[in-house]
Amino acid sequence: MAAHRKPRPRSLSGNTVRTAATLALAGAATATVFDGTGHAEPNLTPGQVRAKVDKLYQEAEAATQKYDGAHEKAQAAEKRLGTLRDEAARREERLNSARDALGSIAAAQYRAGGMDPALQLALSDDPDQYLEGAAFAERAGDRQAGAVARVRGQLREIEQLRGAARLQLTSLKARQAELRREKRTITGKLAAARQLLARLPAAERAQALGAGGSTARASRGTTAARVGLQAPGAATAAAPDSRAADAVAYAYSKLGSPYVWGATGPDAFDCSGLAQAAYRAAGVSLPRTTYTQIGAGRRISRSELLPGDLVFFYSGITHVGIYVGDGQMIHAPNPSAPVRLAPIDEMPFAGATRVV
């Protein structure tokens with residue numbers, strides 16, 4: 001009877017291995033397409049790219065305003081922290097002088113035969129704790145009691161200053177964390193916009209940029225624009241006051257400057273940074289963000305606009321320009337375009353403010 005033997009496994013030939021690998025990869029690719037994790041975005045038209053890029057820029061601008069606000073608050077917290085620390089140091093110097101004076105009294109008393117308990121309190125490493133169980137007022141003379149009371153008051157003032165400094169430090173760290181979050185959001189949105197634009201040929205990229213690209217170049221190239229760059233006289237003459245006229249003149253002088261998020265000049269700007277810098281040149285201090293700038297003057301209707309008025313856009317009040325007349329503004333649009341003249345109709349109008 002023939003022995004039953006298991007058949008020997010056949011080794012896979014090169015063709016068989018390649019066929020199996022191809023089938024496996026095809027299956028994996030099919031599964032990936034169906035679960036959506038590796039599905040490439042279809043080719044977009046220039047118009048679709050522009051819509052996506054505009055949305056990314058708007059989201060980045062909103063994050064920029066949050067960043068600017070957090071940066072302003074961080075600066076204020078840092079300044080307040082420095083002030084508190086300086087004041088605490090001054091108080092500690094005065095305290096040391098007071099304790100040195102009490103030390104002289106203590107030395108004299110020691111030489112005379114003992115140290116008054118009130119002086120032990122003032123010179124203790126932990127005077128407040130000692131004070132809790134000491135009825136020092138009855139044991140010290142009027143002069144010594146007054147000196148000890150001053151030391152005690154100074155100790156408490158210093159501790160209050162240190163407590164306030166700790167709160168400011170906590171606030172500063174929170175603002176710094178907020179800055180890091182908003183910075184990540186901004187850089188992510190801008191990187192996504194760049195990647196979308198990089199997928200297009202140069203001609204289509206210019207078409208996708210639209211007003212941010214070709215129109216911006218045209219605005220610096222036409223005769224009318226060159227006149228506007230050199231002579232903003234009509235706009236400044238129509239401004240409601242000299243401060244608004246100076247702000248308009250400053251904005252004209254910055255046409256062509258690059259957009260940089262978080263920048264307030266003199267060579268680069270974001271939208272609210274340009275508005276702030278223009279009015280700073282006119283001697284007026286504006287808040288840093290669009291959210292606060294819209295409340296920095298008298299609200300006016302669109303029909304009341306005059307050169308120098310601040311015009312705001314989008315429902316979240318995330319963009320601002322400086323009105324210069326004839327339905328035009330000067331603004332810092334986004335990283336794809338420099339500071340430029342543009343119609344106020346190119347974005348959803350949200351309101352206007354006349355700086356007063």
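## A six-stranded sheet and its two covering helices

In this predicted model, strands S3 and S4 run antiparallel and are joined by 3 bridges. Within this pairing, Tyr323 has Met329 of S4 as its bridge partner. The two strands form a hairpin with 2 residues between them, and in this hairpin Asp326 takes a positive phi near 55 degrees.

Is Asp326 buried or exposed? Residues count as exposed when their relative accessible area is over 50%. Asp326 has a relative accessibility of 78%, so it counts as exposed. Its place in the chain is the loop between S3 and S4. The C-alpha atom of Asp326 lies 9.2 Å from that of Leu306, while the two residues are 20 positions apart in sequence.

The strand that leads into this loop is covered: 7 of the 7 residues of S3 are buried. On its other side in the sheet order, S3 has S2 as its neighbour. S2 and S3 also form a hairpin, here with 5 residues between the strands, and Tyr314 takes a positive phi near 70 degrees in it. Along this pair, Val311 stands opposite Gly321 in S3. Further along the sheet, S4 pairs with S5, and Met329 has Ala342 of S5 as its bridge partner. Met329 is thus a bridge partner of Tyr323 and of Ala342.

The table lists three of the strand pairs.

| Strand pair | Bridges | Direction |
|---|---|---|
| S2 and S3 | 4 bridges | antiparallel |
| S3 and S4 | 3 bridges | antiparallel |
| S4 and S5 | 4 bridges | antiparallel |

### The whole sheet

In what order do the strands of the sheet stand? The order is S1-S6-S2-S3-S4-S5, in an open sheet of 6 strands with antiparallel pairing. S1 (297-300) and S5 (340-343) are the edge strands; each has a single partner strand, so one side of each has no neighbour in the sheet. On average, and with direction ignored, neighbouring strands of the sheet are turned by 40 degrees against each other.

### Helices across the sheet

Two helices lie across parts of this sheet. Helix H11, residues 242-253, crosses S3, S4, S5 and S6, and its direction makes an angle of about 105 degrees with S3. Helix H12, residues 271-281, lies across S2, S3, S4 and S6, and runs at about 50 degrees to S3.

H12 is mostly covered, with 9 of its 11 residues buried. Among the buried ones are Cys271, Leu274, Gln276 and Tyr279. Just after the helix, Gly283 takes a positive phi of about 85 degrees.

Gln276 can be followed in more detail. This residue is part of H12. The cut-off for a buried residue is a relative accessible area under 20%. Gln276 has a value of 12%, so it counts as buried. What does the side chain of Gln276 reach at 3.1 Å? It reaches the backbone oxygen of Leu286. Leaving aside residues up to four places away in sequence, Gln276 touches Thr264, Leu286, Pro287, Arg288 and Gln293.

### Nonpolar cores

The largest nonpolar core has 32 residues. Those that touch the most other members are Tyr252, Phe269, Tyr279, Leu310, Ile322, Ile330 and Val339. H11, H12, S2 and S3 are the elements that give two or more residues to this core. Which element gives the largest share? That element is H11, with 7 residues. Another core, of 24 residues, lies apart from this one; it includes Leu44, Tyr57, Ala88 and Leu200.

### The chain as a whole

The chain contains 13 helices and 6 strands. It has 356 residues, and 39% of them count as buried. Its accessible surface is about 19,900 Å², and carbon and sulfur atoms hold 53% of that area. Among contacts with a separation of 6 or more, 63% join residues that are 24 or more positions apart.

Conventions: Residues numbered from 1 in each chain as written. Predicted model: local features only at pLDDT ≥ 70, side-chain atom pairs only at ≥ 80, totals over all residues. Heavy atoms only, no water. Pairing = 2+ DSSP bridges. Axes fitted to C-alpha atoms, helices over the stretch in contact; angles between N-to-C directions. Contact = heavy atoms within 4.5 Å. Core = buried A, V, L, I, M, F, W, Y, C linked by side-chain atoms within 4.5 Å. Buried < 20%, exposed > 50% of the residue type's maximum accessible area, 1.4 Å probe, protein only. Areas by Shrake-Rupley, 256 points an atom, 1.4 Å probe, with all protein chains shown as cover. Polar contact = N/O pair within 3.5 Å; in protein donor to acceptor, adjacent residues only side chain to side chain.
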